[in-house]
Amino acid sequence: PQFIGRSLLCADAPSRANVPAAMQRAMGAAAIVTALLASSLPSSAQGAVLRAHRAAQDGKGFGNLVKGSQDYFRTAAVELWTHPGRRTDNATFEDELECWFANMCTTKCGGLPSRADERKDELTKKCKSVEAEEDWLQIWNMFTKEEIDYYKANFPAEEHHKDDGEKEEGSVETEASIIHYKQAMQLVEDLNKKELLCLTLFTIDDECVNWPYIRLGK
């Protein structure tokens with residue numbers, strides 16, 4: 001097998017020295033926004049935001065995978081991030097993507113069976129296409145019910161809802177009042193959802209994973 005189970009979180013974060021300066025500035029701006037958001041929230045909510053930031057940065061997992069699994073991820077990150085507007089996001093969100101990949105390997109993809117024989121060719125075509133109609137929903141519709149359940153239960157972008165003691169009388173909880181414990185992971189899902197879903201299905205179909213490279217269809 002090409003994995004060893006040690007942790008569901010991420011660590012051994014590589015250097016971001018090769019990330020373009022413009023992206024580094026954007027990441028810095030995001031950190032400032034997060035800090036401002038935290039400062040405007042009650043102390044209990046600030047703690048949740050700060051815990052989210054630490055969880056996204058200080059986990060463990062990818063570095064514990066065997067080299068073959070790490071090599072698989074590297075090839076997948078190149079082959080699946082083909083859209084001109086997102087081609088360098090595999091470097092920008094490298095830590096977070098490694099986190100999810102390590103999570104899948106550690107859990108052995110929840111024991112989900114490979115469906116490569118019946119969908120690998122279509123999955124490859126849709127994932128590598130840069131046409132607007134080939135969006136994330138096209139990939140999501142290729143998930144089985146069991147795969148959807150696994151993804152929803154395991155992708156680390158949990159939400160924290162205010163409890164009754166934190167709510168103001170008469171207030172209605174909205175999306176803006178929800179604090180994502182792993183905000184960095186949520187950002188990846190928001191911006192790179194198609195690529196993230198493609199990575200998930202390829203990892204499952206490549207038996208989570210038994211090869212040192214992504215296996216593309218025709």
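Let me start with the aromatic residues, where ring pairs join Trp 100, Trp 140, Phe 143, Tyr 150, Tyr 151 and Phe 155 into a cluster. Please keep in mind throughout that what you have in front of you is a predicted model.

From that cluster I would like to pick out Phe 143, which is found in the loop between α7, residues 136–140, and α8, residues 145–154. Is Phe 143 buried or exposed? Its relative accessibility is 7%, and because buried means under 20%, Phe 143 counts as buried. If we set aside the neighbours within four places in sequence, Phe 143 is in contact with Ile 148, Tyr 151, Leu 197, Thr 200 and Leu 201. To take one of these partners, Thr 200 is 57 residues away from Phe 143 in sequence, while the two C-alpha atoms are 9.7 Å apart in space.

Let me now turn to the ring pairs, of which the structure holds 11. One of them is formed by Phe 73 and Phe 101, with 5.5 Å from centre to centre and 45° between the planes, and this pair is tilted. Phe 73 belongs to helix α3, residues 67–80, and Phe 101 to helix α5, residues 94–106, so the pair ties together parts that are 28 residues apart in sequence. Both partners count as buried, Phe 73 at 2% relative accessibility and Phe 101 at 0%. Another pair brings us back to the cluster: the ring centres of Trp 140 and Phe 143 are 5.1 Å apart and their planes lie at 35°, so this pair is tilted. Trp 140 and Phe 143 are both buried.

Next comes the nonpolar core. In soluble globular proteins, nonpolar side chains tend to be buried together. Which residues of the largest nonpolar core touch the most other members? They are Leu 80 and Phe 101, out of the 41 residues in this core. At least two residues of the core come from each of α3, α5, α6 (116–128), α7, α8, α9 (183–191) and α10 (193–205). As for Leu 80, when residues up to four places away in sequence are not counted, it touches Cys 127, Glu 195, Cys 198, Leu 199, Phe 202 and Ile 214.

I will finish with two places where a charged residue lies over an aromatic ring. The charged end of Lys 193 sits over the ring of Trp 136, at 4.0 Å from the centre of that ring. Arg 215, in turn, lies over the face of Trp 211, and here the distance to the ring centre is 3.9 Å.

Methods: Residues are numbered from 1 along each chain as its sequence is written. This is a predicted model: local features need pLDDT of at least 70, side-chain atom pairs count only at pLDDT 80 or more; totals for chains, interfaces and linings use all residues. Side-chain values use heavy atoms; hydrogens and water are left out. Helices (H or I, at least four residues) and strands (E, at least two) are DSSP runs, numbered from the N terminus. Buried means under 20% relative accessible area, exposed over 50%, partly exposed in between (1.4 Å probe, protein chains only). Contact means heavy atoms within 4.5 Å. Rings of Phe, Tyr and Trp (its six-membered ring) pair if their centres lie within 6.5 Å; planes under 30 degrees apart count as stacked, over 60 as edge-to-face and the rest as tilted. A charge sits over a ring if NZ of Lys or CZ of Arg is within 6 Å of the ring centre and within 35 degrees of the ring normal. A nonpolar core is a set of buried Ala, Val, Leu, Ile, Met, Phe, Trp, Tyr and Cys residues joined through side-chain atoms within 4.5 Å.
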